[in-house]
Amino acid sequence: MINPTEYLPRSYHTRVSTYWWLKRWAYLKFILREASSVFVAWTVVMTLLQIRALARGPADYAEFQNWLRSPLLLALNAVSLAFVVFHAVTWFNLAPKAMVIRLRGKRLPNLAIAGPNFAAWLVISAAVTWILLRG
Amino acid sequence: MANRITLEVTRYDPAHNEKPRLDTYEVPLRKEWVVLDALNYVKDHLDGSLSFRWSCRMGVCGSCGMTVNGVPKLTCATFLSDYAPGPVRVEPMKNFPVLRDLVVDTSDFLVKLEKSKPWIIRKVEKPLEEEYFQTPEQLDAYKQFSMCINCMLCYAACPVYGLDPLFSGPAAIALAQRYNLDSRDEGTSERLDILSHHDGIWGCTFVGECTAVCPKHVDPAAAIQQYKLTAAMEWVKDLVLPRGAK
Amino acid sequence: MGKRSNEPFLWLLFSAGGVVSALLMPVHLLLFGLAFPLGWLDAPGQEKLLALVRHPVTRIYLLIFCSLPLFHWAHRFRFTLYDGLQIKHLNELINIFCYGGASLGTALAAYYLLWSTP
């Protein structure tokens, strides 16, 4: 920092507002992306509760399933799904930037890395669904 | 298209003002004019006391970075007609102390840049008569990151730098990575010692705005994420094979 | 500034958690959170699910599913508190809350999946 002198009394420092993230859409998108982590944590909590209910027997599990049908939980899980999907999409689009893979001297374009990520997402989701739904 | 446009420009004289204010000027709206032309028109015809930095007026020197309608831009590369009918708000670059009008104190960036050691580091220098050979592929590995013109728009856009003045910032880290990737350089370890810290690469949360505003398409965000991966691999290597052990 | 930070370890955990949550959580939430409760699809019965959970492969899968994403949350939430709320001066408390919370969750998951479920 330049020290104040007779000819340069002081420089002006703008304080960063607490609401800096509302000033531009790009910043808001960033904060929403970071906030998705809270819903990721919620999904873990819900899964732990589910495992506990399962282990305790049919009555407990039925009660847990009823709880999941309540409007509050349905709304929470709908919002969570939106955020978790937002996390997945932003993650697969950004992860390629950290990896530099060269094929025959040329750098692989981002889509060549993001594409397989999305494909894996689809395949794994289908596999999980199949395992849960088969008779 | 109208032939005039209004400019709202930050004015601040530290000797006489408590804080900056916005002054309004009406300038011609010429099809080929950039914001820098409008500022020079103000200085030449309306108010000679307006102070701002500029030099090459063609996007290679990095001097004319300012905030135009809230977005960090090079004023020599921003067309006035894109903002018609206006007004156009021209403010100093964010996240730097304002010295006067549109001029900011950039010394913090220069200190951080030097800390990154942005030069070829060799354990043993080659004698002057010998060249360092480099293939086009080796050049390609770091070329994108070498296009940085030190304009500091990325610092103006980075919220982490705005919130944490100790953060090294996009350009300093991207330029360190530019030398890490240079086949002639042997300084990766030395730079990791300096930058693998919370105020170095680990302060970055990949907002990505630095890349969005960079006028030379350097993509500093990618450089930093690649650097994080390198640092993480080095960390694992150090864990498994402690440094110095053979 | 000689010694390098141990932040890389936390970042690797964050990245691993990010991959796991990105690949697996959408389908889990879609099925267990919406499709089954709302009856869009037939939910698997309690016995079938329990049999699935008891399988050693599922135990490991669920352990990873419950642990790594928590560390992903811990790392991301810690930085959100630093930058979003600008409360960096509370950083020891934040670290304990975030990484401690993730460790607690992991311990709970290990307890349910490796110990208490027969």
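What percentage of the 246 residues of chain B count as buried? In this predicted model, the share is 45%. Chain B contains nine helices and seven strands. Along the principal axes, its C-alpha atoms fill a box of roughly 70 × 40 × 30 Å. Contacts in chain B were also sorted by sequence separation. Of those between residues at least 6 apart, 67% join residues at least 24 apart.

One helix pair of chain B was examined in detail. Helix α2 of chain B spans residues 107–115, and helix α6 of chain B spans residues 170–180. Their axes come within 9 Å and cross at roughly 20°. Angles under 35 degrees count as roughly parallel, so α2(B) is roughly parallel to α6(B). The crossing of the two helices is right-handed. On the α2(B) side, the contact is made by K112(B), L113(B) and K115(B). On the α6(B) side, A171(B), A172(B) and L175(B) take part. By class, this contact has four nonpolar residues and two charged ones. Polar residues are absent from the contact.

Chain B also touches chain C. Here, 12 residues of chain C are in contact with 15 residues of chain B. On the chain C side, two elements give two or more residues each: α1 (7–35) and α3 (56–84). The largest share comes from α1(C), with five residues. By class, the side of chain C that touches chain B has six nonpolar, three polar and three charged residues.

Methods
Residues numbered from 1 in each chain as written. Chains lettered and ligands numbered in written order. Predicted model: local features only at pLDDT ≥ 70, side-chain atom pairs only at ≥ 80, totals over all residues. Axes fitted to C-alpha atoms, helices over the stretch in contact; angles between N-to-C directions. Helix = DSSP H or I, 4+ residues; strand = E, 2+ residues; numbered from the N terminus. Parallel < 35°, antiparallel > 145°, perpendicular 65-115°, else oblique. Left-handed = near helix turned anticlockwise from the far one by under 90°. Contact = placed C-beta atoms within 7 Å. Nonpolar A, V, L, I, M, F, W, Y, C, P; charged D, E, K, R; others polar. Buried ≥ 20, exposed ≤ 12 C-beta atoms within 10 Å, placed from the backbone.
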